[in-house]
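Q: Hi! Could you walk me through this model before I head back to the bench?
A: Happy to, here it is.
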Amino acid sequence: MATPTPDTIEYYKKEKLSDIDYEPPAGGWMDTPVNFRPGSWIYPGKAKHLQYLDLPNPREWVVTEKDWKLQENWKEIVLKGMSERLSKYRSFKLFMDICVRCGACADKCHFFIGGGDPKNMPVLRAELLRSIYRNDFTAIGRVLGKIVGARELTEDVIKEWFYYFFQCTECRRCSVFCPYGIDTAEITMMGRELLGLLGLYVNWVIEPVANCFRTGNHLGIQPHGLKDTLEFFADDIENATGVKVKIPINKKGAEILFVTPSGDFLADPGTFTCMGYMVLFNELDLDFTWSTYASEGGNFGLFTSHEMIKRLNAKIYAEAKRLGVKWILGGECGHMWRVMHQYMDTMNGPADFLQVPKSPITGTVFDNARSTKMVHIVEFTADLIKHGKLKLDPKRNDHIRVTLHDSCNPARALGMLEEPRYILKNVCRNFYEMPENTIREQTFCCGGGAGLGTDENMEMRLRGGLPRGNAVRYVQEKYGVNQLAAMCAIDRATLTTVCNYWAPGVLVTGIHELVANAMVLNGEKERTINLRQEEIPRAESGSAEKGGAADVR
Amino acid sequence: MASFQAGNITLEIDEDGFIQEPDKWNDEVAAALAKTEGVETLTEDHWKLVNYLRDYYLQFGVAPMIRKLCKDTGFKLNQIYELFPSGPAKGACKVAGLPKPTGCV
């Protein structure tokens with residue numbers, strides 16, 4: 001095998017990574033420079049992607065070199081950008097003003113818990129920006145300077161922003177604990193927008209954004225590639241179930257447009273989740289369509305700028321209109337739902353050409369989606385189960401002892417807390433919760449969201465994944481949990497790495513993979529293999545062990 | 001951007017050694033890239049994987065999902081790791097001149 005490098009988990013020794021130094025540096029935070037050590041930062045956005053998107057200052061530059069090739073008037077650009085945003089976004093101005101440094105957020109960030117770097121305390125992360133705000137936008141800061149926490153904007157400050165605003169996954173756990181409700185994700189978003197004015201992007205974010213513009217999805221899958229992929233899934237589904245599922249693509253006049261993150265089309269275990277959707281829709285004979293244009297639910301614009309959120313999101317309503325659907329159903333994606341729930345209708349709506357979503361199977365009207373016209377598939381499926389519309393044989397999942405990772409955005413941005421649990425308890429008889437301060441609104445991030453899930457950032461991903469990984473290991477040891485369900489494509493990709501490291505033996509799954517494996521289908525053959533094309537272990541008579549159906553329903 | 005020499009051909013590479021100009025790829029480039037992955041000689045099995053990836057990329061513009069790679073070539077994942085120690089994405093795809101996949105993967 002090749003020698004491990006900082007981009008592989010083998011490189012990191014557990015005892016070294018677990019030995020976290022919470023002692024702050026001796027000097028003041030303003031005097032502590034950033035240390036760009038391997039494994040803790042992300043490659044710069046390539047010039048060709050910036051050019052493709054008409055973004056400023058496209059060039060090749062290197063994080064570890066002194067000269068970041070900023071524009072000559074970079075300082076003026078940043079201060080002007082800050083001034084514009086302070087007047088445009090009231091939340092930004094408010095969050096710059098109101099923090100009392102109580103410290104409630106300090107130990108709530110997974111990066112601080114797993115890394116011990118004081119600048120990963122949300123209060124201090126915000127202070128990186130707030131210190132400039134004080135210096136250049138408040139009278140007291142201009143007069144008293146450092147005494148009131150103000151400092152001059154320098155290139156070193158920009159480097160510090162780049163390092164720490166790309167060490168925040170915008171998960172908003174800290175905000176749950178802030179007595180003022182300061183939303184650190186919004187602060188990070190502002191920091192990243194300002195960096196963007198200087199052409200300082202990370203490639204893991206800006207290449208997907210450029211791909212999405214060109215092909216409709218982050219991965220750059222073209223229409224014939226998507227068709228080929230879905231047909232591949234259909235073959236595997238037929239192999240497992242004996243049922244040949246339909247694959248409607250770009251079907252005009254369909255009732256429902258289905259949009260899911262493109263990670264589900266490429267990376268295991270997300271691909272099995274995708275197969276789960278296909279099994280479900282086929283069994284319901286749902287009048288839906290895939291789209292090769294709106295072929296991405298995720299929106300890496302959220303990790304770039306407000307303008308980019310809007311530009312990428314626009315295709316979903318545009319495609320819904322073009323195809324003439326009635327409403328939109330969305331897959332198991334995380335940050336997608338922050339965009340759908342909190343930005344889409346005001347940015348690109350009103351979608352008055354669509355109807356209030358109504359389940360054609362149960363007749364349930366999704367009033368909560370009256371404005372966006374877009375329903376989360378977990379909500380849709382929970383409603384099906386509640387109305388007894390799915391024939392389920394949860395015994396098929398008896399070899400699985402599952403816990404739920406509340407994906408940050410569905411949990412904290414959408415309040416999707418009960419539905420995934422309700423589904424899991426109906427399709428799997430062994431469901432166990434992780435400790436209460438690590439789930440629901442208090443859920444811990446995977447450590448790789450918001451565009452941080454790339455391998456060169458492996459040390460930070462493993463550190464950031466420690467709190468979640470630790471909670472997984474707890475239920476693994478206590479209840480024998482062997483699968484972690486998550487409703488987010490970034491989770492399915494990055495938690496696989498986190499579990500391999502912190503809780504080896506626990507596999508990651510999507511919710512609809514388990515749903516489809518439990519579903520009894522019309523015309524199915526004897527189900528001996530699951531969607532992963534693996535033998536289903538034969539359940540002993542009496543099936544589920546302790547913690548079975550009676551316990552969990 | 002760093003560059004990489006394969007015979008008479010100079011190619012731009014990214015931080016992880018993936019070539020940036022897929023049009024310049026040829027067998028000689030593949031062999032040279034393989035050496036950076038600790039693969040001294042490309043055997044018939046190596047070429048079977050590399051050629052499959054290359055053809056898929058030319059047809060679809062992206063890398064295939066790993067399961068499809070395994071199914072279509074008949075190699076199991078552990079066999080791919082034996083051939084390319086960095087695995088299908090970072091090893092085999094790199095040698096075949098494909099770009100790194102990005103996004104929620």
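A: One term before we start: helices (H or I, at least four residues) and strands (E, at least two) are DSSP runs, numbered from the N terminus. Also, keep in mind that this is a predicted model.

Q: Thanks! So how many helices and strands does chain A have?
A: Chain A has 23 helices and seven strands.

Q: And is chain A as compact as a globular protein of that length, or less so?
A: It is as compact as one, because its radius of gyration is 24 Å, close to the 24 Å that the globule rule gives for 553 residues. The C-alpha trace of chain A spans about 75 × 50 × 45 Å along its principal axes.

Q: What share of the residues in chain A is buried?
A: Buried residues are 53% of the 553 in chain A.

Q: What about contacts between residues 24 or more positions apart?
A: Those account for 78% of the contacts in chain A with a separation of 6 or more.

Q: Which domains does the assignment give for chain A?
A: The domain assignment lists domain 1 (16-201), domain 2 (215-386) and domain 3 (394-552). In chain A, the C-alpha centres of domain 1 and domain 2 lie 34 Å apart.

Q: Switching topic: how many residues of chain B are in contact with chain A?
A: On the chain B side there are 17, in contact with 29 residues of chain A.

Q: Which element of chain B gives the most to that side?
A: That would be helix H3 (residues 66-73) of chain B, with three residues.

Q: And how do the residues on that side divide?
A: The side of chain B that touches chain A has nine nonpolar, five polar and three charged residues.

Key. Residues numbered from 1 in each chain as written. Chains lettered and ligands numbered in written order. Predicted model: local features only at pLDDT ≥ 70, side-chain atom pairs only at ≥ 80, totals over all residues. Contact = placed C-beta atoms within 7 Å. Nonpolar A, V, L, I, M, F, W, Y, C, P; charged D, E, K, R; others polar. Rg over C-alpha atoms; globule rule 2.2 N^0.38 Å. Buried ≥ 20, exposed ≤ 12 C-beta atoms within 10 Å, placed from the backbone. Domains from an automatic or database assignment.
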